[in-house]
Protein chains: 4
Amino acid sequence: MATVLSVSGSPSASSRTNRLLRHLDNRLTAQGHEVIPLDVRTIPAEALLGADFRHPAIVEATALFARVDGIVIGTPVYKAAYSGVLKALLDLLPQYALTGKTVLPLATGGTTAHVLAIDYALRPVLSSMGARHIVQGWFTLDKDIAVGEDGGLTVAPAAAEALTQVLDQFSEALGRTPILAAAG
Amino acid sequence: MATVLSVSGSPSASSRTNRLLRHLDNRLTAQGHEVIPLDVRTIPAEALLGADFRHPAIVEATALFARVDGIVIGTPVYKAAYSGVLKALLDLLPQYALTGKTVLPLATGGTTAHVLAIDYALRPVLSSMGARHIVQGWFTLDKDIAVGEDGGLTVAPAAAEALTQVLDQFSEALGRTPILAAAG
Amino acid sequence: MATVLSVSGSPSASSRTNRLLRHLDNRLTAQGHEVIPLDVRTIPAEALLGADFRHPAIVEATALFARVDGIVIGTPVYKAAYSGVLKALLDLLPQYALTGKTVLPLATGGTTAHVLAIDYALRPVLSSMGARHIVQGWFTLDKDIAVGEDGGLTVAPAAAEALTQVLDQFSEALGRTPILAAAG
Amino acid sequence: MATVLSVSGSPSASSRTNRLLRHLDNRLTAQGHEVIPLDVRTIPAEALLGADFRHPAIVEATALFARVDGIVIGTPVYKAAYSGVLKALLDLLPQYALTGKTVLPLATGGTTAHVLAIDYALRPVLSSMGARHIVQGWFTLDKDIAVGEDGGLTVAPAAAEALTQVLDQFSEALGRTPILAAAG
């Protein structure tokens with residue numbers, strides 16, 4: 001199957017975005033994909049903000065983006081857009097780092113008023129990086145993501161169903177990537 | 001092969017957008033696709049602006065969108081966005097009229113300063129209508145589209161090459177649509 | 001005081017957008033402004049869609065935009081953006097028809113998920129037309145606008161309070177327009 | 001006169017954005033404003049990326065935003081939008097940190113194709129933070145900013161004239177802020 005990079009763009013260690021992405025990784029793994037998790041906050045801050053493309057952590061992240069077939073990009077919505085931390089990582093990648101890639105954009109936030117941030121803010125950035133196919137994304141309300149005492153995650157039924165659907169569309173689009181590569 | 005609706009959203013009969021789309025139709029036809037041209041300005045004005053979903057011209061346009069596999073959407077850029085005429089047609093279609101469809105967004109304009117109108121203005125609207133795959137689009141400068149005395153169209157070499165590339169990516173994505181439909 | 005053009009961009013005669021704008025006109029009038037209502041749907045359809053800048057109805061609308069100090073722009077949200085009908089009118093105005101003007105953007109819609117359409121879709125268009133000051137806008141939910149048997153309009157308390165606030169900020173910004181004009 | 005915070009959102013010490021903003025500060029100072037320069041890259045990286053609102057550097061930046069009347073926000077355009085570093089700072093400010101403020105958005109970049117990033121990407125974020133008045137901004141091409149051997153900066157004539165104009169409109173809007181504050 002395909003290789004997927006699952007990028008969480010939250011600056012917070014305890015964030016719902018991070019937990020949600022790791023939760024979704026399981027479904028992709030169960031579908032036979034190899035999933036590589038990447039929490040942007042684990043990249044050294046001075047590497048992200050130093051505008052140094054040769055920093056080992058940036059070289060490593062760039063190589064990860066280059067070798068995978070698909071990328072899940074998850075971000076909390078702050079100030080009606082994606083997080084600055086996530087954008088700081090994208091800024092350090094080559095202009096066309098997403099060429100040929102299939103991308104699933106996801107967001108979390110406190111209010112449905114921010115739903116359009118995926119399509120009006122995040123998607124244009126991903127498109128400018130040459131993404132081949134940005135599938136339909138999903139915005140999950142914070143209140144629909146519950147963390148149990150054991151650290152386990154529960155997603156409210158309607159949100160869980162929607163997430164399953166966009167994940168499956170992403171997985172299906174990934175399945176067609178090799179055909180594209182052969183024809184391209 | 002696939003069936004493609006090629007929609008020109010210019011209000012002007014002599015527009016470069018219209019001529020460019022009809023020119024590109026030839027390439028899609030040569031690739032074996034059935035192409036149905038639709039110039040929005042040929043739809044009766046009172047149907048487009050009357051908010052009457054039952055007007056025969058709107059019923060017919062809706063049926064066209066429903067039956068095709070792919071859609072080319074071309075628009076001139078006015079006031080940093082797509083044309084009002086094009087949006088008036090989209091407003092009359094069902095909310096999810098693009099579900100399962102492959103879409104190629106194209107724009108023409110007088111200045112490169114408006115290039116981002118495709119990704120920041122047109123693409124979010126197409127995404128809200130449920131498009132399955134909106135491939136990379138292209139913005140062509142008016143000055144790169146020349147109309148000969150015989151009405152024939154010549155596109156400047158660099159622009160022609162870019163248009164060929166996005167058309168071929170669209171055509172390739174269309175070729176994978178039946179696989180999706182079968183699996184979906 | 002100031003002269004204000006109050007533009008409703010709904011294609012529907014019975015729309016909540018139209019009623020809401022006419023309702024808000026009263027408050028502006030009570031504050032001493034001269035308010036000129038303009039429902040885009042009353043402009044002949046063939047004038048709006050015909051790309052004919054010399055049509056008498058377009059010449060008249062252009063003159064109205066030119067002579068006022070401030071403009072209220074109200075639109076229903078369709079397909080995650082402003083209405084095509086409204087954009088068709090804006091397309092026919094001069095590129096810098098809003099130079100020196102104070103503008104209040106308003107929207108109505110069925111879901112809070114479309115709140116960002118004002119700032120991500122409508123505001124960039126108004127900005128491209130040279131608006132001097134686009135004040136904070138407001139998105140009103142359809143369900144918060146009730147029409148009585150006598151045609152009277154009732155706005156839910158929280159929405160009414162927010163609308164009063166943006167109207168007053170608009171009115172205040174208008175009050176400073178002559179100072180700008182003198183200094184400009 | 002007014003107090004202005006002049007924020008440069010470039011991660012690079014040698015960036016044209018930084019130099020341009022410091023150059024423009026002179027004009028604002030000459031007009032009688034008190035100008036406080038802030039280069040985002042001088043804020044400790046771990047403060048910007050650590051999601052720690054109580055970090056002394058963040059507390060200090062928040063206090064700066066709170067005490068000024070006006071804010072110049074300058075950013076390089078990367079991947080068709082503002083820099084991640086700038087957004088990381090904005091993410092750490094209160095949701096309505098720009099309430100009552102007058103804001104001048106500026107951008108620099110290598111191609112005119114990115115001009116719309118100001119209005120489609122940066123302006124919606126500033127608007128979501130409650131800005132009272134975001135004046136018309138300006139996008140300056142990198143090639144129009146020349147750095148002399150002595151570190152002095154020269155801006156190409158047409159760009160310099162446009163920058164002077166938006167600065168003066170900003171300065172004028174600032175002059176009206178106290179009136180607003182008194183009336184508000």
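Copies here are superposed by least squares on the C-alpha atoms of residues with pLDDT of at least 70 in both. This is a predicted model, in which local features need pLDDT of at least 70, side-chain atom pairs count only at pLDDT 80 or more, and totals for chains, interfaces and linings use all residues. Residues are numbered from 1 along each chain as its sequence is written, chains are lettered from A and ligands numbered from 1 in the order in which they are written, and side-chain values use heavy atoms, with hydrogens and water left out.

**Stop 1: chains A and D**

Select chain A and chain D. A rotation of 180° with 0.0 Å of shift along its axis lays chain A on chain D, at an RMSD of 0.0 Å. That is how a two-fold axis relates two copies. Now pick A:G84. Among the residues of chain A, the C-alpha of A:G84 comes closest to the rotation axis, at 2.2 Å. The copies meet through the same surface, because 100% of the interface residues of chain A are also interface residues in chain D.

**Stop 2: chains C and B**

Switch to chain C and chain B. Contact (heavy atoms within 4.5 Å) takes in 26 residues from chain C and 26 residues from chain B. Together the two chains bury about 2,000 Å², 65% of it on carbon and sulfur atoms. Buried area is the accessible area (1.4 Å probe) that two parts lose on being put together, summed over both. Highlight C:L49, C:K79 and C:D91. These lose the most area to chain B in chain C, together 37% of what that side buries.

Next, look for polar links. Residue pairs in polar contact number 15, both residues at pLDDT 80 or more. A polar contact is a pair of N or O atoms within 3.5 Å; within protein, one must be able to donate a hydrogen and the other to accept it, and residues adjacent in sequence count only if both atoms are side-chain atoms.

Color chain C by helix (a DSSP run of H or I, at least four residues, numbered from the N terminus). Helix 2 (45-49), helix 4 (84-92) and helix 5 (117-128) of chain C each supply at least two residues of the side that touches chain B. Helix 4 of chain C gives the largest share, six residues.

**Stop 3: B:D25**

Go to helix 1 (residues 16-30) of chain B and select B:D25 there. Is B:D25 buried or exposed? B:D25 is buried, with a relative accessible area of 8%. Buried means under 20% relative accessible area, exposed over 50%, partly exposed in between (1.4 Å probe, protein chains only). Show side chains. The side chain of B:D25 makes a polar contact with that of B:R22, at 2.8 Å. Leaving out residues up to four places away in sequence, B:D25 touches B:S6, B:V35 and B:P37.
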